[in-house]
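Reader: I would like a close look at a single part of this model, the aromatic pair and what surrounds it. Please take it step by step, and then set it in the context of the whole chain.

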Amino acid sequence: MISVKETDDELVKLHFQETLSLHGEMLADLLSERIERQHLTDSGLLQESIRYDAFEQDGNPGLRFRFVSYGRCVDMLDYRRNKHTVDTNREIWGIKQNRMKQNSHKWYAKYMYTSLYALISRLMYGLSEQEIQRLKGILQNRENTNRDPST
């Protein structure tokens, strides 16, 4: 017989696994879409390399993201852009130079860190009564299939 504590631990673990997997899928789609929208696709290697996997290490669920290393440099270099350039024509002659607004090339940090707070709130507050009942049903089905290997 499984104790109530073990069942609660299994419910929380299952909730974390599902939430992390759904979050990984959503974030991978969001990052791919952002890369495509900002036309950061020279060869398409960065967009194709975005991968996630939900894993469990020492009984603790986790989420891992992977992409080619130069992709992070694209994001970091946007911060290092010189934002305080001096327009000499305007300063000396009073002529305003026609310039197009430069687009931000941030594709990782904005979404990764913004969605982190949403993930934390889903993990902390996502176990409603309906969700607990659904997860209990999943655990019962797993237990039944483990007991009866003929099905």
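Author: A residue counts as buried when its relative accessible area is under 20%, as exposed when that area is over 50%, and as partly exposed in between. The model is a predicted one, and with those cut-offs in hand the two rings can be placed. Phe65, at 19% relative accessibility, counts as buried, whereas Tyr52, with a relative accessible area of 29%, is partly exposed.

A pair of aromatic rings is described by the distance of the centres and the angle of the planes. The structure holds 1 aromatic pair, and this pair is formed by Tyr52 and Phe65, whose ring centres are 6.3 Å apart and whose planes make an angle of 35°, an arrangement that is classed as tilted. Because Tyr52 lies in strand E1 (residues 51-57) and Phe65 in strand E2 (residues 60-66), the pair ties together parts that are 13 residues apart in sequence.

Between E1 and E2 there is a loop, and Asp58 is found in it. Asp58 has a phi near 55°, which is a positive value in a residue other than glycine, and with a relative accessibility of 73% Asp58 counts as exposed.

From Phe65 the view can be widened to the interior, since Phe65 is one of the 11 residues of the largest nonpolar core, which also includes Leu27, Ala28, Leu31, Tyr108, Tyr111 and Met112. Two or more residues of this core come from each of helix H1 (4-37) and helix H5 (109-125), and H1 gives the most, with 4 residues. A second, separate core has 5 residues, among them Leu11, Leu14, Ile132 and Leu139.

Helix H5 deserves a closer description. Its 17 residues reach 24 Å from the first C-alpha to the last, which is close to the 24 Å expected at 1.5 Å a residue. The buried residues in H5 include Tyr111 and Met112, both of which belong to the largest core, and also Ala109, Leu119 and Leu123. Ser115, too, has its place in H5 and is buried, with a relative accessible area of 10%. When its neighbours within four places in sequence are left aside, Ser115 is in contact with His23, Met26 and Leu27, and of these Leu27 is itself listed in the largest core.

The second core leads to helix H6 (residues 129-147), which has 19 residues and reaches 27 Å between its first and last C-alpha, close to the 27 Å expected at 1.5 Å a residue. Ile132 and Leu139, which were named in the second core, are buried in H6 together with Glu131 and Leu135. These buried residues cover an arc of only 95° around the axis, which puts them on the same side of H6. On the other side of H6, the exposed residues are Glu129, Gln130, Gln140, Asn141 and Arg147.

As for the whole chain, the protein has 6 helices and 2 strands, following the pattern α-α-β-β-α-α-α-α along the sequence. Of its 151 residues, 25% are buried, and the protein exposes about 11,500 Å², of which carbon and sulfur atoms supply 52%. Among contacts with a separation of 6 or more, 69% are between residues 24 or more positions apart.

Note on methods:
Residues numbered from 1 in each chain as written. Predicted model: local features only at pLDDT ≥ 70, side-chain atom pairs only at ≥ 80, totals over all residues. Heavy atoms only, no water. Expected span 1.5 Å × (residues − 1). Buried < 20%, exposed > 50% of the residue type's maximum accessible area, 1.4 Å probe, protein only. Arc of directions from axis to C-beta. Core = buried A, V, L, I, M, F, W, Y, C linked by side-chain atoms within 4.5 Å. Contact = heavy atoms within 4.5 Å. Areas by Shrake-Rupley, 256 points an atom, 1.4 Å probe, with all protein chains shown as cover. Phe/Tyr/Trp six-rings, centres within 6.5 Å; stacked < 30°, edge-to-face > 60°.
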